[in-house]
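Student: Could we go through the aromatic rings here and ask what lies behind each label?

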Amino acid sequence: MTASDVPVFIVTGASRGLGYNIAEKLLAAPISAKVVAVARSEAGMATLAQEYPGQVEYVTGDLANYDTGVKAVQTAIEKFGSLSGIVFNAAVINPVATIATTDIEAFKKLFDVNFFSILTTLKAAIPYLRESKGKVVLVSSEASYESHFYGWEAYGSSKACVNHLAATLAGEEPDIFAISVDPGVMDSAMQQEIREQHGSQMKSEHHEYLIKIKEDGSIPSTEPPATVIANLVVQGPMELSGTYYAFNSPTLSPYLTV
């Protein structure tokens, strides 16, 4: 494989958890890609750069600042010469509140991270993704369509927008693969935040369930959804473009193995 054949990916929220695992899977053999990692925290991304020398560049910054995503696109082109795909994984869940009590400014900030940063990054990336016939995976959630996630209207509505954006991108750009994927409940920093900070704003049975699966060790790992998402951004088929699936749906089962 020549240098020009090596795929180049952007992964947001790549400093820990699901995003870190996705980046690792793209960097490791047999894919051995180049990755531009994006996150607010540098530490995990610096570890990736140390473990995979010459394969990693990273952008440290808050995606609520739209320049951060644009800089990631510029870094991919300037450092690696192309862009093969993007995994939009970064997201926040705060505010967790009812419509009557929500903080509107916090609601807007959530949308800046969870939705508008994707839109602005895509706008910068589309010319390069057209050229590479690239692929885009947007990390979504069951909360995008289920109403039982009490207090999660900011997060859930942002993920509904993400699903629609994937469908719209697929419709507008026939040479770019786009899919939104629900990774399910998993052992992540967001789940820790939910357990520790947002119980009073949620239905008690939902909060207690999330605590229970952590305490009894049954909370799923980030590894299986990371495998599916990494495989899709490399080899997602155009017949799935524009769709939404849970990572463990039968349709995506071929992507559960490396």
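**Aromatic rings and their labels**

Tutor: Let us begin with Tyr145, which is exposed, with a relative accessible area of 51%; please keep in mind that this is a predicted model.

Student: What makes Tyr145 count as exposed?

Tutor: Exposed means over 50% relative accessible area, and Tyr145 has 51%, so the word applies to Tyr145.

Student: Why is the pair of Tyr145 and Tyr244 called edge-to-face?

Tutor: Rings pair if their centres lie within 6.5 Å, and planes over 60 degrees apart count as edge-to-face. The centres of Tyr145 and Tyr244 are 5.9 Å apart and their planes are at 80°, so both conditions are met and the pair is edge-to-face. This pair also links distant parts of the chain, because Tyr145 is in the loop between β5 (135–139) and α5 (153–172), while Tyr244 is in strand β7 (residues 243–246), 99 residues apart.

Student: Why is Tyr244 called partly exposed?

Tutor: Partly exposed lies between under 20% and over 50%, and Tyr244 has 24% relative accessibility, so Tyr244 counts as partly exposed.

Student: How many aromatic pairs does a search of the whole structure find?

Tutor: The search finds 6 aromatic pairs. One of them joins Phe115 and Phe116, whose ring centres are 5.2 Å apart with planes at 75°, so this pair is edge-to-face.

Student: How do you know whether Phe115 is buried or exposed?

Tutor: Buried means under 20%, and Phe115 has 13% relative accessibility, so Phe115 counts as buried, whereas Phe116, at 33%, counts as partly exposed.

Note on methods
Residues are numbered from 1 along each chain as its sequence is written. This is a predicted model: local features need pLDDT of at least 70, side-chain atom pairs count only at pLDDT 80 or more; totals for chains, interfaces and linings use all residues. Side-chain values use heavy atoms; hydrogens and water are left out. Rings of Phe, Tyr and Trp (its six-membered ring) pair if their centres lie within 6.5 Å; planes under 30 degrees apart count as stacked, over 60 as edge-to-face and the rest as tilted. Buried means under 20% relative accessible area, exposed over 50%, partly exposed in between (1.4 Å probe, protein chains only). Helices (H or I, at least four residues) and strands (E, at least two) are DSSP runs, numbered from the N terminus.
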